[in-house]
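Student: Could we go through this model together, starting with the strands and ending with the core?
Tutor: Gladly; let's put it up and take one topic at a time.

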Amino acid sequence: MDSIFKRYLTISLFAFTSVIFPLRASALSGPQVLEESPRPANATSLPSVKRDRFVKIHEEQFQSLHPRNFKPGARPSLRVNLFDDADYNLVAERSEIRNGGRMVVTGHLEGVPGSLAVLSHTAGVVTGILYVPGKGTFKILPAANGLHRVLEMDEETGFSCAMDANRPHPSDPQLQEI
């Protein structure tokens with residue numbers, strides 16, 4: 001009877017801690033593509049951004065996502081370390097080379113159902129948007145002096161890819177009167 005109780009307690013404790021501290025579906029693999037850089041002195045805060053950081057991109061890591069690396073039954077991946085608590089393996093579902101040699105990669109984050117990732121890479125410049133259900137939307141944008149800026153968007157205050165929320169929309173009647 002005592003061993004059954006211990007077994008039940010062990011299983012219950014494991015189930016409870018798994019809910020509190022969920023395990024990743026798989027271990028993170030590969031070198032990190034983003035390297036922390038000091039924040040430029042002239043960096044300004046952006047509207048609708050929870051947090052941000054400046055990084056250097058390890059461009060050589062993007063070679064793993066080149067279309068020639070797609071093999072039957074295997075998908076190339078890239079470790080995208082956005083923040084300490086947002087570190088993922090991007091699994092490429094499609095990669096193509098477009099005009100000017102720009103590589104565009106679409107995929108998902110390993111072990112994160114419903115996630116979406118789109119990255120674009122060309123000669124020292126990376127842009128990207130990653131959606132993580134239950135966590136939010138992250139962007140990677142080029143910044144000055146060869147750096148890039150990683151942003152976690154504030155979906156509570158709303159954000160737009162093209163417009164500052166504080167500015168009126170061009171179709172706003174008040175703008176038409178000016």
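Student: How many bridges join E2 to strand E9?
Tutor: First, a word on the source: this is a predicted model, where local features need pLDDT of at least 70, side-chain atom pairs count only at pLDDT 80 or more, and totals for chains, interfaces and linings use all residues. Residues are numbered from 1 along each chain as its sequence is written, and side-chain values use heavy atoms, with hydrogens and water left out. Strands (E, at least two residues) are DSSP runs numbered from the N terminus, and two of them pair if DSSP finds at least two bridges between them. E2 and E9 (residues 148–153) run antiparallel, and the number of bridges joining them is six.

Student: Which residue of E2 is the bridge partner of Glu36?
Tutor: Strand E1 (residues 34–37) and strand E2 (residues 49–57) run antiparallel, joined by four bridges. On its other pairing, the E2 residue in question stands opposite His148 in E9. The partner of Glu36 is Val55.

Student: Are the rings of Phe83 and Phe138 stacked, edge-to-face or tilted?
Tutor: Rings of Phe, Tyr and Trp (its six-membered ring) pair if their centres lie within 6.5 Å; planes under 30 degrees apart count as stacked, over 60 as edge-to-face and the rest as tilted. By this rule there is one aromatic pair. Phe83 and Phe138 have ring centres 6.2 Å apart and planes at 45°, so the pair is tilted.

Student: Where in the chain do these two rings come from, and how many residues apart are they?
Tutor: The pair links distant parts of the chain. Phe83 belongs to strand E3 (residues 77–83) and Phe138 to strand E8 (residues 136–142), and their separation is 55 residues.

Student: Is Phe138 buried or exposed?
Tutor: Buried means under 20% relative accessible area, exposed over 50%, and partly exposed in between (1.4 Å probe, protein chains only). Phe83 has a value of 8%, so Phe83 is buried. Phe138 is at 0%, so Phe138 also counts as buried.

Student: Which residue has its charged end over the ring of Phe83?
Tutor: A charge sits over a ring if NZ of Lys or CZ of Arg is within 6 Å of the ring centre and within 35 degrees of the ring normal. Here the charged end lies 4.1 Å from the centre of the Phe83 ring, and it belongs to Arg51.

Student: Which residue forms a salt bridge with Arg51, its closest N and O atoms being 2.4 Å apart?
Tutor: A salt bridge is a side-chain nitrogen of Lys or Arg within 4 Å of a carboxyl oxygen of Asp or Glu, and the structure holds nine of them. Arg51 in strand E2 is partly exposed, with a relative accessible area of 28%. The partner, in strand E9, is 101 residues away along the chain; it is Glu152.

Student: Which residues make up the network of salt bridges that includes Arg51?
Tutor: Glu152 is a buried member at 6% relative accessible area. The linked residues are Lys50, Arg51, Asp85 and Glu152.

Student: Which residues have the most contacts inside the largest nonpolar core?
Tutor: A nonpolar core is a set of buried Ala, Val, Leu, Ile, Met, Phe, Trp, Tyr and Cys residues joined through side-chain atoms within 4.5 Å. The largest one has 26 residues, and among the elements giving two or more residues to this core are E2, E3 and E8. The residues with the most contacts inside it are Phe62, Leu82 and Leu130.
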